[in-house]
Amino acid sequence: MFELRNVEKRYPGVHVLKGVDLAIAPGEIIGLVGENGAGKSTLMKIIYGAVQPDAGSVLIDGAPVHFRSPRDAMKMGIGMVYQEQSLIPNLSVMENIFLGFEQQFVHLGVIQWRRMAQAARVQLRKVKLDIDPGMITSRLTFAQRQLVELAKVLALEERVEGHLVILLDEPTSVLSKDEIDLLFGLVRELRRRASFIFVSHRLDEIIALSDRIYVLKDGIVVDVLAAKDARVETIQKKMVGRDIALEYYRENRQVPFDAGRVLLELDHVVLPGRRHEVSLTLHAGEVLALVGVEGAGREGILRAIFGLKAPERGTIRIRGEAMRTFSASNSVAHGVGYIPRERKIEGIASGMNVYENMTLSQMGRYSRGGVLDIPAERALARDWIKRLSIKVPSEESDCGNLSGGNQQKVVLAKWRSGGSDIILLDHPTRGLDIGAKEDVYDMVRDMSADGVGVILVADTLEEAIGLSHTIAVIKDGEIRTWFNCQPGAKPSLYDLIHHMV
Amino acid sequence: MKHGLVMDNIRKWVPFLVLLVLVLFFAAVNPHFLSLRNFARIAVSSSPALMVAVGATFVILMGSIDLSMEGTVAVCAVVFAMLLNRLGGSLAHMGWLAIPGAMIAGGVLGAVNGLIHVRLRIPSFMASLSMGFVGVGLSLLMTGGNRILIGDPLFRSLLTVRIMSFPLMAYAALGGLLVAWFIQGRTTIGRNFYAIGGGEDLARASGLNVGRVRVIGFVLAGVFFALGAVLAVARLGIAETETGTGFMFLSITSVVVGGTALAGGSGGVWNTLVGVLIVNVIGNGMVVVGLPDYLQDGVLGLLVITAVYLSMDRRGLSFAR
């Protein structure tokens, strides 16, 4: 019996898990569902030891345990099958299976490869994979690698006492139908050896495979359902739950966009690695949300518009002008601004101060013959600090020390002050607390009122619906359907999810 | 958060404190260390190194590294001496053109360096290290292995003429440092160095042409190497392939000990001044104190390791903080 009791986790500015209880009996398969940001991944990390809870306890058979690292958890029989695969591609299959546990095959300081191969074969048989354990991992198919990963976790069986708990993180996202059936058959067979925690966006699969389903929302387990009487619709309702207050997304401030002014046009654009054509039009003052599950291809479209990725075919037109070269500097010069998901990597230079960050994309305007006009930079920064009410001691503060919401505002000020009128927002509210989120929503409405076109990849569906004029539902890199999102006539979550999965 | 800020502030002043402690230490062991004459001696040995280290600072700020200084200094020294002697042998007439000539040579070598790094996508340490060897070979080819003597009294006045007991070359180096400071703090290119060193993805996502900035950084470094070469020639009155020897370890050590992070994005030319002084005070102090000079390299090596250790953000290494 593996148990979590009243587990809490906070990160600066966010309360991720608010007292979560969870229990898994031996041989049980439980499903874990929740929206992006509900706390699923943090919960998983606590279970497999990558993150330590701030409060609450982890119990195995009633006895409290403390995992300081995933290796500690593995020693107690908790294993993780990663979504992005964790096998080292240039090592052989058997080396991967016993990575970090080679000592058992060492005799007089030398690894006995034959014994390791034999042991690996035993593990591979458990997952019904008939391959040579000496094979280099990179030559396996994706599905085979996933099974090797599972075999690696099952190898814990011989090393630990008691029962195994295995986490499967989105294991089906890139598998074909046949491969999924194979995997599910295998998991069902393996229940006498282990219990499973199965995380997926595909609710039908969750219902098909699990015994019980935990629904996580805003860091709380809102319900635990028996899978046999669960239905996709009821789970969805519980996942999104709360009534959406109209003011929260500033819907009262939503005004129609200027349909006569086209800012950006994607005309039958095909992105590398995708088969489908994407066409869309962005008008002045429009907020266009791209929705879809993780990996559906929303980010790819953003990156193409920003010039980080060249389309294979089709044309991207900005204000009627067809783009020929694809680079960020070209897009910036054409008035495109990008507010990335990873603020620390692509948004904010943490060693630089507020005004340096704001003028980074437009230094040409604040310099003469390459010599900077620092007083003008400071004046600009002071102006925008006031306009966006950014909370900083002064324009000279280091951006690395600001809160997430204020960093977001600095990035926005960078683009808006440079006159960008096509703004790409990639998960703009990720990791922000409620107050900072509402500030971001206000910012979006302000931009809209100023005639800026916004393309939004939102953190949650509610956010996309609440903020946008238009929604494009994307699945497998293709725009499946469009929704008109005028206030009062907004589509429901269920309308969208129906097209997403 | 508060604690972190205090730590950051202390860390910023560590190199300066180290310099202070070193000076006090050597002065305590031998009072002669604390004389104007000795300080002038330190200034003479520091001046060429300062220019070379300042050049390297720009490249390191971008998160790249330039190891071509020994070759570049050798080529620039030889180019300078040959031009000077061919143009009449004195700075007073056409000979002054040798100085811009050497700077152009340094810039060209830097450009080749940068283009190899950026265009062929060869790591900067490998590209510049190889170019350094090419430079050494080139200078040998030009001199045939001979020394070129410079007798121009005007040029030699860089060493011989003293103002307030410091030779002119120290003021020249100070002037170079101020120019570098201006570039670092007041120009778009200086700001770009910090942006790229702080986060290349961010710089690219802000629309900067990262490749172009990199090449400019290497060109700038080459020009400062050339200034270092001219001062090195002024110091000895000789230009030869050997003129460049020793600058690589000396300048990289100085930059790192001064507190400019090897990962890029933080530090600057004032840090490098402190670093150059630390390295030269140790060199000079050990002679004054009477320790054998073969110990110097060992001490410098240990110093680099300490400096790199101190400059790394240990918090970033802890697992899943």
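A residue counts as buried if 20 or more other C-beta atoms lie within 10 Å of its own, as exposed if 12 or fewer do, and as partly exposed in between. Keep that in mind. I will use it for four residues of chain A. One more thing before we start: this is a predicted model.

Take A:Asp476 first. It has 13 C-beta neighbours inside 10 Å, so A:Asp476 counts as partly exposed. Where does A:Asp476 sit? In the loop between strand 23 (470–475) and strand 24 (478–484) of chain A. Its backbone deserves a look too. Most residues other than glycine have a negative phi. A:Asp476 has a positive one, near 50 degrees.

A:His268 has a positive phi as well, near 50 degrees, and it is not a glycine either. This residue lies in strand 13 (residues 258–270) of chain A. Buried or exposed? A:His268 has 12 other C-beta atoms within 10 Å, so it is exposed.

Next, A:Gly297. Find the loop between strand 15 (287–291) and helix 9 (298–305) of chain A; A:Gly297 is there. It is buried, because 21 other C-beta atoms lie within 10 Å. Which residues does A:Gly297 contact, leaving aside neighbours within four places in sequence? They are A:Arg274, A:Gly292, A:Ile474, A:Asp476 and A:Gly477. So A:Asp476 comes back here, as a contact of A:Gly297. For scale, A:Met239 is 58 residues from A:Gly297 in sequence, and their C-alpha atoms are 23 Å apart.

Last of the four, A:Glu102. Its loop runs between helix 3 (93–97) and strand 7 (106–107) of chain A. A:Glu102 has 12 C-beta neighbours inside 10 Å and therefore counts as exposed. From its C-alpha atom to that of A:Ala143 is 25 Å, with the two positions 41 residues apart along the chain.

Now the cores. The largest nonpolar core has 174 residues. Which members touch the most others? A:Leu456, B:Cys76, B:Ala77, B:Phe80 and B:Ala229. Helix 10 (residues 210–236) of chain B gives the most to this core: 17 residues. There is another core apart from it, of 67 residues, and A:Phe2, A:Leu17, A:Ala38 and A:Leu190 are among them.

Stay with B:Phe80 for a moment. Not counting residues up to four places away in sequence, B:Phe80 touches B:Ala98, B:Ile99, B:Gly101, B:Ala102, B:Ala229, B:Val230, B:Val233 and B:Ala239.

That takes us to helix packing in chain B. Two packed helices are described by the angle between their axes and the distance between the axes. Here are three pairs.

Pair one is helix 3 (residues 69–86) and helix 4 (residues 98–119) of chain B, with axes that come within 8 Å and cross at roughly 150 degrees. Because of that angle, helix 3 of chain B is roughly antiparallel to helix 4 of chain B. The crossing is right-handed. On the helix 3 side, the contact includes B:Cys76 and B:Phe80; on the helix 4 side, it includes B:Ala98 and B:Ala102. By class, this contact has 11 nonpolar, three polar and no charged residues.

Pair two is helix 2 (residues 36–61) with helix 12 (residues 269–289) of chain B, packed at about 140 degrees with axes 8 Å apart. How does helix 2 of chain B lie to helix 12 of chain B? Given that angle, helix 2 of chain B is oblique to helix 12 of chain B. This crossing is right-handed. B:Arg41, B:Ala49 and B:Thr57 are among the helix 2 residues that meet helix 12, whose contributors include B:Val269, B:Gly275 and B:Asn284. The tally by class is 11 nonpolar, nine polar and one charged.

Pair three uses helix 2 of chain B again, now with helix 11 (residues 247–258) of chain B: axes within 8 Å, crossing at roughly 60 degrees. It is a right-handed crossing. Helix 2 brings residues including B:Ala49 and B:Ile60, and helix 11 brings residues including B:Phe247 and B:Val255. Count by class and you get nine nonpolar, three polar and no charged residues.

Finally, where the chains meet. The contact takes 21 residues from chain B and 24 residues from chain A. On the chain B side, helix 8 (188–198) and helix 9 (200–205) are the elements that give two or more residues. Helix 8 of chain B gives the most, six residues. By class, the chain B side has eight nonpolar, nine polar and four charged residues.

Notes:
Residues are numbered from 1 along each chain as its sequence is written. Chains are lettered from A and ligands numbered from 1 in the order in which they are written. This is a predicted model: local features need pLDDT of at least 70, side-chain atom pairs count only at pLDDT 80 or more; totals for chains, interfaces and linings use all residues. A nonpolar core is a set of buried Ala, Val, Leu, Ile, Met, Phe, Trp, Tyr and Cys residues joined through C-beta atoms within 7 Å. Two residues are in contact if their C-beta atoms, placed from the backbone, lie within 7 Å. Axes are lines fitted to C-alpha atoms, for helices over the stretch in contact, and angles run from 0 to 180 degrees between N-to-C directions. Angles under 35 degrees count as roughly parallel, over 145 as roughly antiparallel, 65 to 115 as roughly perpendicular and the rest as oblique. A crossing is left-handed if the near helix is turned anticlockwise from the far one by less than a right angle, and right-handed if clockwise. Ala, Val, Leu, Ile, Met, Phe, Trp, Tyr, Cys and Pro count as nonpolar, Asp, Glu, Lys and Arg as charged, and the others, Gly among them, as polar.
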